[in-house]
Amino acid sequence: MSQDVIVVQGPCKLQGEVQVSGAKNSALKLMAAALLGQGRTCLRNVPDISDISIMSKVLKRLGATVEREDHVMWVDTAKVEKFETPYQLVSKMRASISVLGPLIGRFGRARVAMPGGCQIGARKIDMHLVGLEKLGVEFSVDHGYLSATTPHGLRAAEVMLTFPSVGATENMLMAAVTAEGTSVIDNAAREPEIVDLCNMLNEMGCKVSGGGSPCIQVEGVSLDELHPCDHVTVGDRIEAGTFLTGGALTGGPVTVRGIDPSFLRMACMKLEDMGATVETGADWICVRRDGPLKPTDIQTLPHPGFPTDLQAQFMLLDACAQGNSVVTENVFENRFMFAAELMRMGADIAIDGHHATVHGVESLQGAPVSSTDLRAGAALVLAGCFAEGETQVYGVDHIDRGYENYVAKLNQLGGTVTRVSADSLQ
Ligand code: EPZ
């Protein structure tokens, strides 16, 4: 675990161009989906972040080989014959649960440590289990492990999710691809990462349609029809939105490249509501701001609603705007811890359950602060770029989970950001 600290000398104006990496929340699931290919799948534009390293360990523990060269990864699952994912890995990264669906789709069984909660919420998996049971999966829990079997085989089903859960949609998708008949996932998640997964599954020989819509159909095929593929991961919309926030916060212009602008329509609309100017091209978005930041209410919702993973970043914008706004977190039950850290830098925020009332202030003061989750950590570094004086952001491990070369990319944009060992600050 790194005891590093990110140190920002503020204020610093962020301007220029930066290339975003492949999407963490797609690449992790594409790696799991490679289990269905039963051979050597190539994944491109894979980000070099710690969560990807953990998923590599999960797959190797199952018997796969995982090699990577720069941002290209080869996952060979031909020799996978184990079905167990240990607590030590699941506890480090709850997205390890994403192997549940493909293990069931390939072997009809799995044994995965139950994921715990995290700082932002309980992160239950009840919807995963209810949906998979409708496909014929039987679960038992013993000693913290979830065991899945399909004594009567996988059968297609029509399932309606009570909430468009990203993880539940993905696990059901990856199990249903070999279920006999045509399955329907209603009220499915519509995130761009779901579309990316559906595309890869079809490149492997699956028959999935409706990805990105609230209703996904999966026509089951036999396992021997599935094969490896060569797939390019989509750009990371949350990393892109994080840098765009930095541009709107300090003035910009900041251009992010390697991202489909349609992934960030809601966030870009809110940036314009806040007084920024947004321009887009085929695979880039540019943001600048000349006038004052205008307070704008934010309500997080499943895609295409405002992304919860940009909530902290936009709360920061509101905290520096000229007026009052309300930020409502509808997706996770405990994702306002960032506010407490930002208040240590002079922000004026009142939390009431799922609502945060933000009273904009003219300036922030640099201070020692701690990351509570990867998005909050990234936003605290941006706050340091706006603040007067030095900001020390602790808990850099959180940031390393989802941001590749975050410090280098910020400095490429003109930031004055360094990464030092905590000992050197004693
Ligand atoms: C994915 O988490 C992302 N993680 C999250 O990104 C993202 O915030 C989230 O989707 C929403 O967009 C990855 O893809 C690895 P959910 P996931 O299932 O799949 C509740 C980041 O910063 N729920 O859509 O876990 C759940 O507790 C991370 O990159 C149930 O109650 O999200 C949460 O409150 C953070 N029961 C809400 O639904 C279930 O069975 C949304 O969860 C499943 C979910």
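This passage describes one sheet and the ligand site of a predicted model. Residues are numbered from 1 along each chain as its sequence is written. Local features need pLDDT of at least 70, side-chain atom pairs count only at pLDDT 80 or more, and totals for chains, interfaces and linings use all residues, while side-chain values use heavy atoms, without hydrogens and water.

Four strands (DSSP E runs of at least two residues, numbered from the N terminus) form an open sheet of 4 strands in the order E18-E19-E21-E20. Pairing (at least two DSSP bridges between two strands) is mixed. Strands E18 (298-299) and E20 (348-352) stand at the edges with a single partner strand each, so one side of each lacks a neighbour in the sheet. E20 runs antiparallel to E21 (residues 355-359), joined by 5 bridges. Within this pair, Ile349 is bridged to Val358 of E21. Helix H10 (residues 311-319; helices are DSSP H or I runs of at least four residues) packs on the sheet. H10 touches E18, E19 (324-328), E20 and E21, with contact meaning heavy atoms within 4.5 Å. The direction of H10 makes about 30 degrees with that of E21 (lines fitted to C-alpha atoms, for helices over the stretch in contact; N-to-C angles from 0 to 180 degrees).

The ligand is surrounded by 24 residues (a heavy atom within 4 Å). The closest are Asp126, Met127, Ser165, Asp309 and Val331. Polar side-chain atoms approach ligand oxygen atoms (N or O pairs within 3.5 Å) at 3.0 Å for Lys24, 3.1 Å for Arg123 and 3.4 Å for Arg335. Alone, the ligand exposes 820 Å², of which the protein buries 89% (Shrake-Rupley method, 1.4 Å probe). Helices H1 (24-33), H5 (126-134), H6 (166-176) and H12 (374-386) each give two or more residues to the shell.

Conventions
Polar contact = N/O pair within 3.5 Å; in protein donor to acceptor, adjacent residues only side chain to side chain.
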